[in-house]
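Welcome to a short set of exercises with worked solutions. Keep the viewer open beside you and try each task before reading on.

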Amino acid sequence: MTKAPLHDIMLCINDIKEAAGTKLPISATDFYNSGSTNQVTVTENTTAYRKYRLRPRVLVDVSQADPSTTVFGQKIRFPLGVSPAGLQGMAHPDGELATSRACAKHGVAMGVSTFANYTVEEIRAAGLDIGPIPHCMQIYTMQDRTKQESILKRAEAAGCVALFLTADSPILGFRYNEHRNDFRSPEGLAFPMMDRTSEMIRSERHEDGFTAFNSSSHSWAREIPWLRSITKMQIWIKGVLTAEDVELAVQYGCDGVLVSNHGGRQLDETPATIDALPECVKAANGKIPVHIDGGIRSGTDIFKALALGAECCWIGRPMIWGLAYGGEAGANKVLDILYNEFMRCMQLTGCRSVADISHASLGILFSYVMSPMVPNLIGTRLELRTITRNTKSRVILSMQELATDQFILVFFQEPKRHFVAIMQIISSALTFFATALLFGQAVAHPSDPCNGRTIWADTTDCHAFYQCGAVGEPVHKWCAPGTGFNPHTNACERQEYVCK
Ligand SMILES: Cc1cc2nc3c(=O)[nH]c(=O)nc-3n(C[C@H](O)[C@H](O)[C@H](O)COP(=O)(O)O)c2cc1C
């Protein structure tokens with residue numbers, strides 16, 4: 001049964017997501033949108049962006065603002081790429097071909113999944129018909145090294161600039177939807193790079209198909225020198241979340257890392273990628289570029305990731321929603337929206353080029369120590385309910401400062417539900433305060449410059465985001481990263497704090 005679209009004007013990625021949901025069967029929507037197990041990471045990937053605020057500079061001439069940048073040695077129109085995501089043919093028959101054309105039209109990079117429904121040669125040619133863009137071939141560590149090598153050789157011959165070694169998937173993350181829906185890809189869709197016909201794929205569950213070819217015995221020492229020996233493409237590691245692994249990537253001579261948690265589809269309860277980014281950038285120390293994907297849903301998100309040190313951002317699901325919504329036109333719409341939002345954000349913050357985007361462009365909201373509670377609330381499945389005329393009791397819980405799809409409105413029709421909701425809210429509030437207490441103490445430095453008050457820090461980069469204030473207090477002030485709020489002077493001051 002198809003639902004009628006709520007509205008026809010597509011103004012943001014969430015509009016396109018909503019429209020895509022009306023076009024696809026539920027099992028396909030679930031497959032694309034879900035994360036693994038409890039959906040913690042997939043949710044936080046997006047909500048984590050909300051704790052940052054922009055620090056605009058005014059009276060800057062932005063009439064000639066230029067959002068272009070250089071990645072893989074090639075100029076792109078703005079700092080975006082489309083992440084490698086398999087099975088795009090299920091969203092629209094043109095699948096990866098449409099994605100490639102849209103990327104070329106908008107001058108952004110594209111990752112090609114090993115599980116694409118078209119060959120790398122076809123995908124690359126589709127883009128090249130419109131214009132030159134960097135394509136990157138995604139690869140897993142495969143049991144069959146000969147096949148892995150042949151995929152990479154084909155990608156290189158087709159003109160891909162880099163390979164993305166997906167490092168976060170020694171085994172597949174556990175995705176409930178695939179089991180509950182007994183998910184199978186639709187008839188007629190093959191994985192040509194893997195020599196898998198539609199019949200072969202449909203005869204097995206996604207997880208079994210993955211396990212049959214993938215190798216869980218991968219290692220830095222085994223993969224990187226071998227990859228170097230068989231290809232001249234740049235070697236990027238996709239799926240890095242820690243400083244330690246970035247250091248290894250540098251040590252092993254990799255060309256770059258993509259901070260990614262596979263869009264929350266692999267290990268659940270990892271940090272949101274935007275929270276892992278600062279420590280990764282710090283560890284890279286300018287030696288290799290750091291890119292990021294996961295949860296990016298607006299041009300402002302791209303801006304924030306750049307301010308935290310990413311060279312370029314990548315999107316997975318938004319492009320799939322675009323394809324489902326309107327094929328190539330839908331894919332173009334997604335890139336249009338993100339370009340316009342990014343450009344507008346640059347101009348309104350007084351940035352004339354991406355080089356102007358820096359740590360000083362961002363602040364962090366003190367009140368976002370409450371972020372642990374957000375997924376907690378969402379996890380309780382307080383859903384948007386339709387208001388009916390005979391609604392007797394109505395509770396509206398509005399969580400300000402969350403993205404539109406996390407902006408929770410709850411309408412209750414029955415007192416019983418009302419009661420349950422209040423209990424949920426109370427329990428979430430308690431969780432918040434408990435977490436806040438623990439969190440605050442965990443990062444308090446012995447020589448606390450806040451004089452006994454709590455120091456709040458970003459979970460990953462303690463140097464960057466100190467905030468001072470008592471538990472539960474509203475925002476005092478937000479400071480530029482690298483500075484801390486000193487309650488004695490009531491000012492943001494540059495301080496060197498040590499976390500451990
Ligand atoms: C449907 C789907 C299929 C994906 N397939 C792959 C894949 O084949 N290889 C891979 O490395 N990552 C894959 N990913 C992960 C994406 O490359 C990317 O990391 C993730 O989608 C980014 O998060 P976002 O969707 O929130 O933007 C897939 C993601 C989705 C949603």
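**Exercise 1. Confidence first**

Over which residues does pLDDT stay under 50, and how many contacts beyond four places in sequence does the model have for them?

*Solution.* Start from the fact that this is a predicted model. Step one is the overall picture: the mean pLDDT of the protein chain is 81, and 71% of its residues reach 70 or more. Step two is to look for the weak stretches. Residues 366-415 stay under 50 in pLDDT, and the model has 84 contacts for them beyond four places in sequence. At residues 496-500 the pLDDT is also below 50, and this stretch has nine contacts in the model beyond near neighbours in sequence.

**Exercise 2. The whole chain**

Describe the protein chain by its secondary structure, its burial and its contacts.

*Solution.* Begin with the elements: there are 16 helices and 16 strands. Next comes burial, where 46% of the 500 residues count as buried. Finally, take the contacts with a separation of 6 or more: 70% of them join residues 24 or more positions apart.

**Exercise 3. The barrel**

Which strands form the closed barrel, and in what sense do they pair?

*Solution.* Follow the strands in order: S4-S5-S6-S7-S8-S9-S10-S11 make a closed barrel of eight strands with parallel pairing. Ignoring direction, neighbouring strands of this sheet are turned by 25° against each other on average.

Now go through some of the pairs:

- Strand S5 (residues 109-112) pairs with S6 in the parallel sense over three bridges, and Val112 has Met137 in S6 as its bridge partner.
- S7 and S8 are parallel partners over five bridges, with Phe164 bridged to Trp236 in S8.
- Strand S8 (residues 234-240) and S9 form a parallel pair over four bridges. Here Ile237 stands opposite Val257 in S9, and Val240 has Val259 in S9 as its bridge partner.

One helix can be added to the picture. Helix H6 (residues 145-158) lies across strand S6 (135-139) and strand S7 (162-166), and runs at about 175° to S6.

**Exercise 4. Enclosed elements**

Why can S6, S8 and helix H13 be described as largely enclosed by the rest of the structure?

*Solution.* Count buried residues, one element at a time. In S6, five of the five residues are buried, so this strand is largely enclosed. As a general point, side chains in a regular strand alternate between the two faces of the sheet. In S6, His135, Met137 and Ile139 point one way while Cys136 and Gln138 point the other way, and all are buried.

S8 is largely enclosed because six of its seven residues are buried. The case for helix H13 (residues 299-307) rests on eight of its nine residues being buried, so the rest of the structure largely encloses this helix. Among the buried residues of H13 are Asp301 and Lys304, along with Ile302, Phe303 and Leu306. Just after H13, Gly309 has a positive phi of about 110°.

**Exercise 5. Positive phi outside glycine**

Where do Gln39 and His262 lie, and are they buried or exposed?

*Solution.* The background is that most residues other than glycine have a negative phi. Gln39 has a positive phi near 65° and sits in the loop between helix H2 (26-33) and helix H3 (40-47). With 20 other C-beta atoms within 10 Å, Gln39 is buried.

His262 is not a glycine either, and its phi is positive at about 65°. This residue belongs to the loop between strand S9 (256-259) and helix H12 (273-284). His262 is buried, as 26 other C-beta atoms lie within 10 Å.

**Exercise 6. One residue and its surroundings**

Which residues is Ile76 in contact with, leaving aside its neighbours within four places in sequence?

*Solution.* Locate Ile76 in strand S3 (residues 74-76). Ile76 counts as buried because 21 C-beta neighbours lie inside 10 Å. Its contacts beyond four places in sequence are Ser68, Thr69, Val71, Gly107, Val108 and Ala109. The C-alpha atoms of Ile76 and His106 are separated by 8.5 Å, and the two residues are 30 apart along the chain.

**Exercise 7. The ligand shell**

Which residues come nearest to the ligand, and how does its shell divide by character?

*Solution.* There are 23 residues around the ligand, and Ser83, Thr166, Gly263, Gly316 and Arg317 come nearest. By character, the shell has six nonpolar, 13 polar and four charged residues.

Note on methods:
Residues numbered from 1 in each chain as written. Predicted model: local features only at pLDDT ≥ 70, side-chain atom pairs only at ≥ 80, totals over all residues. Helix = DSSP H or I, 4+ residues; strand = E, 2+ residues; numbered from the N terminus. Buried ≥ 20, exposed ≤ 12 C-beta atoms within 10 Å, placed from the backbone. Contact = placed C-beta atoms within 7 Å. Near = placed C-beta within 6 Å. Nonpolar A, V, L, I, M, F, W, Y, C, P; charged D, E, K, R; others polar. pLDDT = per-residue confidence, 0-100. Pairing = 2+ DSSP bridges. Axes fitted to C-alpha atoms, helices over the stretch in contact; angles between N-to-C directions.
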